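Dear colleague,

I am handing over the structure below, and after it I have set out what was found in it. Please read the notes with the coordinates open beside you.

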Amino acid sequence: MHASPRRPGGARLAALVLLVLPLAIYSFLYLMPIGSMVALSVDNGELGRSLVAFRDADRSDANARAAALLTDMRAMDAGTQGATARGLNQNLAGFRSLFLNTARKSGDIEPTMAGLVAFDPRWAEEQYWQVMERNTAPFTLRHFGQATGLVLDDNGRLTAGGDDIYVQIMWRTLVIAVQVMFVTLLISYPLAYAVANARPRFAAFVLVAVLLSFWTSILVRTTAWVILLQTSGLVNAFLLWTGAIAEPLQLIFNRFGAIVSMTHVLLPFAIIPMMNVMRTIPKSQADASRSLGAGPIETFLRVYFPQTIRGVAVAAGTVFILALGFYITPSLTGGPRDQMVSFYIAAFVKESLNWGMASALSVLLLGAVLVIVAIYGAARWAMARSGGRA
Amino acid sequence: MKVIGIATLCAIVAAPVAARDVTIAGWGGNYQDAQREAYFKPFAAKSGANFTETTYLGGLAEIKAMVDTNNVSWDFLIMGGSELQLACDEGLLEPLDWEAIGGKDDLLPGAAMDCGVGNVVIGNGFAYNSEVFPTPPQDWRDFFDRDKFPGKRGVNNTPQFNLEYALMADGVPPDQIYEVLATPEGVDRAFAQWDKIKDLLQYWESGAQPVEWLASNNVALSTAYNGRIIMAKREGKPLEFVWKNHVVNMDGWAMVKGSPYKDQLTEFIQTVNDPENQAKFSSLMPYGPSNTLAATHLSPEIVAGLPAGDNIKEAAFMSDAFWIDHLDELRERWSRWSTQ
Amino acid sequence: MSRVIFWGSVLLALAFLIVPLVLVLPLAFNEGSFLTYPMDGFSLKWFAEIFTHGQWTRAFWNSLRIAFGAMIAGVLIGGLAATGVMLTGRALQIVLTGLFVSPLVVPSIVVGVAFAYAFGRMGLSGSYWGLVLAHAILGAPLVFLSVMTSLRGLDPDLDLAAASLGASRSHRFWHVTLPLAAPGFLAGALFAFTTSFDEVVVALFLASPESTTLPVALFAGLRDRLQPTIVVVALLLSLISFALLWLMWWLQSLGRPQKH
């Protein structure tokens, strides 16, 4: 911009020098971690790398398979055995103890099918062998399969025959985000209107309130709602005192609590873009409409509101994208039925050390957000091209 | 000038810690306070080592990171029984030398493990407010009986223990629950029990919540840890713990693999196994000793609040092995059930 | 009629916006341990408990140190990126802006998982530097945007004027452009500081018990049990936020007269 166009080469060189550090840091500490997370979602971990002899063994020869498995087991150290067993157990519950018990004694077991079955009769069951055969490759789609409920049938075709719990959770995430978006827009519109159109003193007061709220930590605002909404909290105490209710209402750990607190947290993000658009609308337009005989409500609906749609759209998009990834607020104010996909991602990392599932769900969430941003960008671009004010 | 200032600042904030003390990770709060008196101080006195403490929040992620990056900053830590076994399987803990430690036979069955020792015995059952129910609930059948004992129930949002409770309510004897639970029909049976009171459930996340909820009549009954209820009772709250058919589990001590204080491992394990030290812990914190000899050092009033003696006559013992195999699968099923 | 609708909806919305904090934060001074009105009496005992409890003070210092480090790193990254991007061509500008701003859009849980895994392998997990760098990445886009805004808003005539007086390009950059963009840097620095100071999710994945931050400790406390100490921490966090907001406003009012 301000760099004079006389020596473009110099500007480019300066840009390069300035950008080296930020680009390096972004690549190493931001793009690479996200990339490795994506890789992790299809990585089969130790399981995909440790069954080496088994992978090459003749499938039709049961004894050769058994011998190969025992060879692999003996080649693993304790940590690898544990990690392989964890991967197998994610495929089939109970495989962990079977694998570990056998692996620990692998030196003493006769390397035949009969020897394995004599050690533990479960080795006679075909399901265990099938699981291992499916997992000899270093890459796997099983995390995405589990996340989407899609499974490969015997003919190699994708069918929706799997467990759809995570599809339900993703659907729930979308539903909550839409609910929060609508409530947020409904509440923030009058506030944005007040900032743009009320008398300066009142407008300034509302603006200060919005900015204070915006700068207050999300966690602090969530804390306030936890304290307000708890069974012995302020809202219930007030309602009991007025006599409106006889028994405390359940206001928290359910959808109501989750939506109220999320809405409150997201309000400033909706108010600010709407306010910016509303400020550009000249007041004279309303006066003109009124002078032509339109009532105030008609003026609002036909003249004012259509011009604010752009601000509303920006607010809606921002709130929706932020709401999709919410974790802290619903985890503190929602019940088990109101947890969004983030909650399950955190649980996979923190509780079951299942990085594969955490990554697969993260990739799906990130994908959803990027798709929405792309649609958004395309819409803006199209509007700019068709001559509208973008 | 500014650059130097910033560099100095960075140097100050990132100063590395030289040769560190023995670091013990516990679960914080009263629990760790009691352990400091009963175990850490005697250990320090005996071994001559200085110790510092830190908090461990559960899960294997932190320990795995330490071992994998060879940056072991904790030495001893207390873990839930299943997690201890898992960590042992994954090679994250130092194995114990039971011949050097000795006294294995005095411990409760299952307490002496390859990489750790069960130390704190916890009673998992349910509690009620004695002011609300003049005729108190007796067993799990009553917990699941919505007509006889109306009102909301506080429940931890996990399948662990809850499925065991349900089976015992359905008449399965305590020593057979894991055989039944290992079959798909057994799991269905457990969930069928929970279906009966599903609309009454309110989920707790921390052990403090059942106490608060029961004391404020927010729920009528709640599953709980015995220690929290007994402590509240000592503070004068009208709460009672139901001992019949409670499920016993153990927390245990272990050492992170690669710790520089490996020489002290045997001494530390001996200290936490010592019956007198254990008795001291149980007198401070109403959880049971894992050493059967500890009871002789405790008064009958204290024993009455512990998962020990008469209280565990009809108890079930949690199977770490079962849960290590089935936790992922059953957790998924439980979360589907609880969210529908 | 329309007035009633306007005032009714504005006042209700305003109440929803401000009442929760106005009602809850004073409970930090409650004598009793119940978080409800009427208060049992005025007391500072919960403040005393916070300040004598090692756990909270340690978390507070951790937060402060991390936020400070993240601010410096964030300003460096975001500031360099913004000035660099200003000097590139139009197409590249769009691409790079997208890249540098993108951490704002990526859900924090996704960033948390990615950082927890990658930093864990680099041995940065739980360390001071791990948290500083992670928070710097989250704060850099805000620095970038505010520096960009102030650079864009500069009057190109000033640069031309300096050039006509014979100032060299680098001299112009260091002595004309940058000082004029200084408010942008300062605002960006404040944004980066607040972002780090209030951040929970990523810290939840990266912090070890030793490096726990105040928001993480507050989150853990909320999940454990509701005590007045929690309100005290919330109040302190808000006061710090308000102080920073005031600082921001003050800096802007300082910057304004210079433009004319």
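**A covered helix in chain C**

H6(C) is mostly covered, with 20 of its 25 residues buried. Please keep in mind throughout that this is a predicted model. The length of the helix, which runs over residues 128-152 of chain C, agrees with expectation, because at 1.5 Å a residue its 25 residues should span 36 Å and its end C-alpha atoms are 35 Å apart. H6(C) nevertheless bends by about 35 degrees at C:Gly139, and a proline, C:Pro141, follows within four residues of that point.

**Chain C as a whole**

The secondary structure around that helix is made up of helices, since chain C comes to eleven helices and zero strands, and the pattern read along its sequence is accordingly α-α-α-α-α-α-α-α-α-α-α. The C-alpha trace of chain C spans about 70 × 60 × 35 Å along its principal axes, and buried residues make up 50% of its 260 residues. If one takes the contacts in chain C between residues at least 6 apart in sequence, 77% of them join residues at least 24 apart.

**Chain A and its spread**

In chain A the secondary structure comes to 19 helices and two strands. Its radius of gyration is 30 Å, well over the 21 Å that the globule rule gives for 390 residues, so chain A is more spread out than a compact globule. Along the principal axes, the C-alpha trace of chain A spans about 95 × 80 × 40 Å. Buried residues account for 43% of the 390 residues in this chain, and, among its contacts between residues at least 6 apart in sequence, 65% join residues at least 24 apart.

The domain assignment divides chain A into domain 1 (45-140) and domain 2 (166-385), and the C-alpha centres of these two domains of chain A lie 51 Å apart.

**Where chain A meets chain C**

The contact between these two chains involves 72 residues of chain A and 65 residues of chain C. On the side of chain C that touches chain A, helix H1 (residues 2-24) of chain C gives the most, with twelve residues. By class, that side of chain C has 50 nonpolar, eleven polar and four charged residues.

**Where chain A meets chain B**

Here the contact takes 25 residues from chain A and 22 residues from chain B. On the side of chain A that touches chain B, helix H5 (78-91), helix H6 (95-104) and helix H18 (341-350) of chain A each supply at least two residues, and H5(A) gives the most, with seven residues. The residues on this side of chain A divide into ten nonpolar, ten polar and five charged.

One residue of chain A deserves a separate look in this connection. A:Leu353 lies in the loop between H18 and helix H19 (355-385) of chain A, and, leaving aside its neighbours within four places in sequence, A:Leu353 is in contact with B:Leu60 and B:Ala61. Is A:Leu353 buried or partly exposed? A:Leu353 counts as partly exposed because it has 19 C-beta neighbours inside 10 Å, whereas a residue is called buried at 20 or more. The C-alpha atoms of A:Leu353 and A:Arg86 are separated by 9.2 Å, although these two residues are 267 residues apart along the chain.

**The two domains of chain B**

Chain B is divided into domain 1 (2-121 + 250-306) and domain 2 (122-248 + 315-338), and the centres of these two domains of chain B, taken over C-alpha atoms, are separated by 28 Å. Across the boundary, eleven residues of domain 1 of chain B are in contact with nine residues of domain 2 of chain B. Helix H4 (81-89) and strand S4 (116-129) of chain B each supply at least two residues of the side of domain 1 that touches domain 2, and H4(B) gives the most to that side, with four residues. By class, the same side of domain 1 of chain B has six nonpolar, four polar and one charged residues.

With best wishes

Methods. Residues numbered from 1 in each chain as written. Chains lettered and ligands numbered in written order. Predicted model: local features only at pLDDT ≥ 70, side-chain atom pairs only at ≥ 80, totals over all residues. Rg over C-alpha atoms; globule rule 2.2 N^0.38 Å. Buried ≥ 20, exposed ≤ 12 C-beta atoms within 10 Å, placed from the backbone. Contact = placed C-beta atoms within 7 Å. Nonpolar A, V, L, I, M, F, W, Y, C, P; charged D, E, K, R; others polar. Domains from an automatic or database assignment. Expected span 1.5 Å × (residues − 1). Bend = angle between axes of the 7 residues up to and from the residue.
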